[in-house]
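Subject: Handing over the structure, with notes on what was found

Dear colleague,

Please find the structure below, together with my notes on what was found in it. I would be grateful if you read the notes with the model open beside them.

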Amino acid sequence: MTISLLSDANQRLEKALQYVTIDDDVATRLHYPKASLVVSIPVRMDDGTLRVFQGYRVRYDDSRGPTKGGVRYHPSVSLDEVQSLAFWMTFKCAVLNLPFGGAKGGITLNPKELSKFELERLTRGYVDAIADFIGPDIDIPAPDVYTNPMVMGWMMDQYNIIRRKLVPAVVTGKPITMGGSLGRETATAMGAFFVMQRALPWLGRTPAETTVAVQGFGNAGAIIAELLYHAGYRVVAVSDSKGGVYAPQGLDIPSVRQIKNANQEIKAVYCTGTVCSDVDHEVISNEQLLELDVDVLVPAALENQITSSNAHHIRAPFIFEVANGPITSDADPILEERGIQVFPDILVNAGGVTVSYFEWVQNRSGLYWSLEEVNGRLETSMNRETDNIWAIAKDLHTSLRTAAYVHALNRLGDAIKAKGTRDFYMN
Ligand code: NAD
């Protein structure tokens with residue numbers, strides 16, 4: 001049976017609601033996305049044929065400000081997936097206290113099958129279709145899986161053409177020369193790194209004693225693997241969609257990145273090029289990576305990787321969710337019973353949207369910040385909310401995930417209540 005991702009996401013909400021005193025109106029509002037747009041995008045392909053792609057943009061909740069969220073290009077994109085991702089964005093922005101609500105977008109396709117020309121035409125077609133749904137004060141897209149600064153640049157450019165003026169704050173994650181922020185490309189991984197560094201002493205560890213496996217070697221996964229490597233952690237396994245490598249003595253992550261960039265697959269690592277040397281390694285599957293005997297597991301690929309089917313086999317005592325929704329709600333209690341501590345996605349990967357917020361602020365003020373300023377502000381925000389969530393979990397005796405939802409719910413509840421709930425009108 002396929003579980004709806006949105007109902008799965010809502011189960012986390014239900015659980016957190018048991019721990020907050022909140023008006024029923026707030027809970028009712030948060031169960032439904034505010035607006036969901038489904039569009040058909042006709043694209044002239046390089047061979048002259050016409051293909052029509054299905055695209056989505058969902059604005060989940062805007063009680064705390066304009067909505068914010070990435071755009072994903074992937075074959076598994078569906079309305080259900082986009083709605084769930086928009087739901088998570090709502091909570092993530094509240095966890096970090098950003099003045100934004102949550103949104104998400106996507107197009108169902110395998111971007112690797114399209115030429116660069118076709119991808120550009122598709123992206124511009126998508127913006128044509130959603131132009132009235134987005135805007136710097138309405139909804140602000142950003143990169144997600146298989147979209148990057150170049151794609152964001154095309155999106156901004158197309159929006160400018162439609163509006164006949166420059167509107168850099170309409171998307172974030174843009175190339176630096178088009179108004180992007182320094183530090184945005186590394187922000188998701190950097191934010192996750194700050195959370196991990198903050199929590200490590202609480203977990204009674206030091207980087208040198210900590211082995212790590214990272215699933216997914218894209219923007220988020222490859223950068224966090226490298227940050228951890230440089231901070232002295234032993235990154236023993238990494239993987240991408242085609243498989244992974246495992247070396248108990250630790251991988252030389254900068255070389256793995258170099259080879260991945262040259263060969264486009266992790267499997268080639270250590271088997272070609274200069275690092276095909278003396279490192280003893282195994283080629284493993286993604287399933288095997290998740291079940292390795294490591295201290296920290298970092299899922300940084302896609303959702304639904306740890307479910308009730310494999311949760312019993314996970315051996316890492318700590319999981320840091322860099323991907324959105326890598327653990328299903330039915331796996332949560334299994335991991336909890338087994339004493340596995342999960343640092344949740346709505347905190348761990350919030351660095352991306354936090355620096356997106358910084359980019360939006362810079363675009364609107366016209367004043368641009370140094371990399372040190374961006375990373376310094378990011379570190380302050382991530383540390384503050386990691387401390388808050390840790391304290392709530394201790395106080396309420398809940399998992400860190402429930403604590404993060406409670407934290408977000410309190411902020412969302414205040415915003416929704418400020419406009420009047422049953423309590424206000426009926427008393
Ligand atoms: P990306 O496109 O840069 O990389 C995705 C990586 O996952 C690639 O290495 C791909 O090969 C790998 N992958 C795909 N399917 C896989 C599978 N079945 N098993 C293992 N690996 C697989 O994407 P990204 O931006 O790094 O995003 C990764 C995750 O992080 C997503 O869940 C995304 O929503 C989340 N995230 C990203 C950002 C951001 O700013 N990039 C922010 C917040 C959350």
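Since bridge partners come up several times below, it helps to fix one term at the start: two strands count as paired if DSSP finds at least two bridges between them. Please also keep in mind throughout that this is a predicted model.

The first sheet

Five strands make up an open sheet, which runs in the order β1-β2-β4-β3-β5 and has mixed pairing. Its edges are formed by β1, residues 35-44, and β5, residues 139-143, each of which pairs on one side only. Between neighbouring strands of this sheet the average turn is 25°, with direction ignored.

At the one edge, β1 is joined to β2, which covers residues 50-61, by ten bridges in the antiparallel sense, and R44 has L50 of β2 as its bridge partner. At the other edge, β5 pairs with β3, residues 67-74, in the parallel sense and over five bridges; here K68 has its bridge partner in β5, namely I140. Although β5 is an edge strand, it is mostly covered, with five of its five residues buried.

The second sheet

A further open sheet has seven strands in the order β9-β8-β7-β6-β10-β11-β12, and its pairing is likewise mixed. The edge strands are β9, residues 282-284, and β12, residues 341-343, and each of them pairs on one side only. Neighbouring strands are turned against each other by 20° on average in this sheet, again with direction ignored.

At the β9 edge, three bridges in the antiparallel sense connect β9 with β8, residues 243-246, and G244 stands opposite I284 of β9. Further along the stated order, β6, residues 211-215, and β7 pair in the parallel sense over five bridges, with T211 finding its bridge partner in R234 of β7. Strand β7 itself spans residues 234-240, and because six of its seven residues are buried, it is largely enclosed by the rest of the structure.

The ligand and its surroundings

Which residues come nearest to the ligand? Of the 22 residues around it, these are D144, T188, N219, A220 and N324. By class, the shell is made up of nine nonpolar, nine polar and four charged residues.

Three polar contacts may be worth inspecting one by one. In the side chain of T188, an N or O atom is 2.7 Å from an oxygen atom of the ligand. A polar backbone atom of F217 is 3.1 Å from an oxygen atom of the ligand, whereas N286 places a polar side-chain atom 3.2 Å from a nitrogen atom of the ligand. Taken alone, the ligand exposes 830 Å², and 89% of that area is buried by the protein.

Helices α5 and α6, and the loop between them

Helix α5 covers residues 149-163 and includes N160. Is N160 buried or exposed? Its relative accessible area is 9%, and because the cut-off for buried is under 20%, N160 counts as buried. A polar atom of the N160 side chain lies 2.8 Å from the backbone nitrogen of V167.

Helix α6 spans residues 187-199 and contains A187, which is buried at 0% relative accessibility. The C-alpha atoms of A187 and V353 are separated by 8.2 Å, although these two residues are 166 apart along the chain.

Two residues to look at for their backbone

Most residues other than glycine have a negative phi. Against that background, R164, which lies in the loop between α5 and α6, has a phi near 60°, a positive value in a residue that is not glycine. Its relative accessible area is 77%, and because exposed is taken as over 50%, R164 falls in the exposed class.

The second case is H397, in the loop between α13, residues 371-396, and α14, residues 400-417. H397 is not a glycine either, yet its phi is positive at about 55°, and at 69% relative accessibility this residue counts as exposed.

With kind regards

How values were computed. Residues numbered from 1 in each chain as written. Predicted model: local features only at pLDDT ≥ 70, side-chain atom pairs only at ≥ 80, totals over all residues. Heavy atoms only, no water. Helix = DSSP H or I, 4+ residues; strand = E, 2+ residues; numbered from the N terminus. Axes fitted to C-alpha atoms, helices over the stretch in contact; angles between N-to-C directions. Buried < 20%, exposed > 50% of the residue type's maximum accessible area, 1.4 Å probe, protein only. Near = heavy atom within 4 Å. Polar contact = N/O pair within 3.5 Å; in protein donor to acceptor, adjacent residues only side chain to side chain. Areas by Shrake-Rupley, 256 points an atom, 1.4 Å probe, with all protein chains shown as cover. Nonpolar A, V, L, I, M, F, W, Y, C, P; charged D, E, K, R; others polar.
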